[in-house]
Amino acid sequence: MSEYETVIGLEVHAQLLTHTKAFCACPATFGAAPNTQVCPTCLGLPGALPVLSARAVEFAVRTALALGCTLQKTSRFSRKNYFYPDLPKGYQISQFDEPCSEGGALSIEVPGASGARVEKVVRITRVHMEEDAGKSSHARGEDSIVDLNRSGVALVEIVGEPELSSGAEAAEYLRSLREILIFIGINDGNLEEGSFRCDANVSIRKKGAPQLGTRVELKNINSFRFVQKAIEYEALRQQAIVEGGGRIEHETRGWDEKAGRTFSMRSKETAQDYRYFPEPDLPPLVLEDAWIEQVRQAMPELPRAKRERFVSQYEITPYAAQVLTQHPQIASFFEHCARLHGDGAKAANFVQSEILGGIVTRGLEADFPISPAQLAELLGLVDAATISGKQAKEVYALIAGTPRAPADVVRERGMAQVSDAAAIDAIVAAIVLANSRQAEALRAGKASLMGFFVGQVMKETKGSANPQMVNDAIKRALGLG
Ligand SMILES: [Zn+2]
């Protein structure tokens with residue numbers, strides 16, 4: 001066992017899914033041609049004034065409420081001054097000493113001592129609003145280019161307390177947080193496009209030491225797996241330095257996935273001290289109680305609550321509930337089917353086994369191969385024994401991607417019959433048992449009795465059994481090769 005422990009604090013920047021930027025009416029959509037979604041305000045031209053987006057405030061408040069933070073009735077914006085090519089104003093509007101919320105918590109599941117998953121509560125320092133900077137690209141051997149479409153896009157920053165103790169815990173924290181932000185509809189959780197970004201502050205200390213060690217900031221890592229690997233690498237690197245009698249440098253490091261190591265990006269020793277001062281162009285942000293209450297009432301259900309409700313309301317396993325809540329649209333699709341059909345467990349089974357693989361998600365949107373109404377009708381046909389469960393899968397393959405009604409396909413293909421061998425065998429066995437005298441006679445060679453047995457099975461299945469299969473089953477039951 002190592003005598004050191006790793007201490008990790010995460011800062012997450014999440015772009016809010018508002019249509020406009022935080023302080024101007026420019027669209028906040030990703031992927032437009034560079035520098036086409038800009039105006040005097042987000043370009044930082046002299047004289048242009050910021051106007052705060054009400055929707056951005058609502059989304060920040062939703063985030064704070066989802067994380068159990070205490071909302072501040074009055075908060076203020078500050079200018080965070082630094083010089084960088086992607087920051088045309090020369091400052092970023094952020095919240096500094098008076099954020100809109102403080103003191104929440106995020107509960108995550110981590111492996112416990114016995115191997116079982118246990119709950120760990122990580123405190124959230126604050127959730128505050130700010131604006132994004134532009135994006136610079138440094139193409140090799142060419143000039144750097146700047147795209148200001150992102151400049152001024154609304155963000156929330158979620159600052160966590162340094163209470164995580166491994167790369168795996170950090171990754172779990174990020175997954176849980178991302179899931180919550182997606183379910184409350186404020187962020188699309190896209191790490192690759194940078195709409196959900198995290199910085200990790202990593203330090204080590206002797207176990208039980210009261211003081212935190214010198215921290216290294218890991219930046220620009222765009223996958224949870226890489227965050228985990230970078231933290232694990234970083235903890236070992238720092239440990240080797242300390243054990244060798246060296247000193248940890250306060251610096252910002254990146255992750256080189258190919259080499260499997262962190263590398264120094266810039267030293268904090270020489271870094272600029274951000275100068276903050278109050279933003280004079282924006283009034284204090286005042287949140288009215290009645291308005292906060294409205295936002296609270298309209299809060300979408302949180303993922304954990306939804307899973308618990310699915311388990312109790314639809315009587316499905318916790319595992320199934322987990323699978324069905326991997327995306328808000330999948331959860332809502334399942335629930336819609338379950339309500340229309342009436343049997344949540346059956347709907348859950350079919351969605352998991354047949355439909356999940358064909359669902360395409362893009363951010364908060366999702367495309368489904370069939371509608372909840374089509375699925376409910378299909379499951380209804382199985383309940384009515386019009387078709388077997390196996391046939392339901394065939395019908396699904398035929399209607400997927402079309403608006404066709406399952407019943408039409410069943411009729412058209414003449415599928416409305418029981419052709420499930422096991423089901424027919426069971427019916428035949430019961431009929432043979434109930435008519436042992438006739439069975440004995442048929443076995444002895446009275447071939448005309450074959451029709452009697454087929455007729456009994458047809459009567460029992462209301463004529464829906466596959467006749468060839470019934471013949472075979474009777475012969476099998478009586479040992480008539
Ligand atoms: Zn603008």
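Me: Donors are N, O and S atoms within 2.8 Å of the metal (3.2 Å for Na, K and Ca), and sites may look incomplete since water is not among the atoms. How are the donor residues of the zinc ion spaced in sequence?
Reply: This is a predicted model, in which local features need pLDDT of at least 70 and side-chain atom pairs count only at pLDDT 80 or more, while totals for chains, interfaces and linings use all residues. Residues are numbered from 1 along each chain as its sequence is written, and side-chain values use heavy atoms, leaving out hydrogens and water. The SG atoms of C24, C26, C39 and C42 serve as the protein donors, lying 2.3 to 2.4 Å from the zinc ion. The resulting spacing is C-x1-C-x12-C-x2-C.

Me: What is the geometry of the zinc ion's site?
Reply: The angles among the 4 donor atoms run from 101 to 114 degrees. Four donors count as tetrahedral if all angles lie between 85 and 135 degrees. The site is therefore classed, by that definition, as tetrahedral.

Me: Where in the chain do C24 and C39 lie?
Reply: Helices (H or I, at least four residues) and strands (E, at least two) are DSSP runs numbered from the N terminus. C24 and C39 are 15 residues apart and link distant parts of the chain. Both belong to the loop between β1 (4-15) and α1 (40-43).

Me: Is C24 buried or exposed?
Reply: A residue is buried under 20% relative accessible area, exposed over 50% and partly exposed in between (1.4 Å probe, protein chains only). C39, at 18% relative accessibility, is buried. C24 has 12% relative accessibility, so it counts as buried.

Me: What phi does N35 have?
Reply: Most residues other than glycine have a negative phi. N35 is found in the loop between β1 and α1, and its 36% relative accessibility makes it partly exposed. N35 is not a glycine, yet its phi is positive, at about 60 degrees.

Me: Is E315 buried or exposed?
Reply: E315 occupies the loop between α6 (303-314) and α7 (318-324). Although not a glycine, E315 has a positive phi of about 55 degrees. Its relative accessible area is 67%, so E315 is exposed.

Me: How many residues of α2 are buried?
Reply: Helix α2 covers residues 54-66 and reaches 18 Å from its first C-alpha to its last. That reach is close to the expected 18 Å, the expected span being 1.5 Å times one less than the number of residues. Its buried residues include V57, F59, V61 and L65, as well as the charged-letter positions E58 and R62. The helix is mostly covered, and the number of buried residues among its 13 is 11.

Me: Which residue with a positive phi follows α2?
Reply: The helix α2 has 13 residues, and A66 is one of those that are buried. The residue with a positive phi near 70 degrees that follows this helix is G68.

Me: Over how many bridges do β1 and β11 pair?
Reply: Two strands pair if DSSP finds at least two bridges between them. Strand β11 (residues 196-206) is mostly covered, with 8 of its 11 residues buried. In the pairing with β1, V12 stands opposite C198 in β11. The two strands run in the antiparallel sense, and the number of bridges is 11.

Me: Which residue of β12 stands opposite A200?
Reply: β11 also pairs with strand β12 (residues 216-218). This pairing is antiparallel and has 3 bridges. The residue opposite A200 is L218.

Me: Which residue takes a positive phi in the hairpin of β6 and β7?
Reply: β6 and β7 pair in the antiparallel sense over 10 bridges. I108 has K120 in β7 as its bridge partner. There are 5 residues between the strands, and the one with a positive phi near 100 degrees is G115.

Me: Which residue of β10 stands opposite E130?
Reply: Strand β10 (residues 154-160) pairs with β7 in the antiparallel sense. Their pairing comprises 7 bridges. Opposite E130 stands L155.

Me: How many Å apart in space are A465 and C24?
Reply: A465 is found in the loop between α15 (449-460) and α16 (467-478). A465 is buried, with a relative accessible area of 2%. A465 and C24 are 441 residues apart in sequence, and from C-alpha to C-alpha their separation in space is 68 Å.

Terms used
Four donors count as tetrahedral if all angles lie between 85 and 135 degrees; four count as square planar and six as octahedral if opposite donors are over 155 degrees apart and all others between 65 and 115; anything else is irregular.
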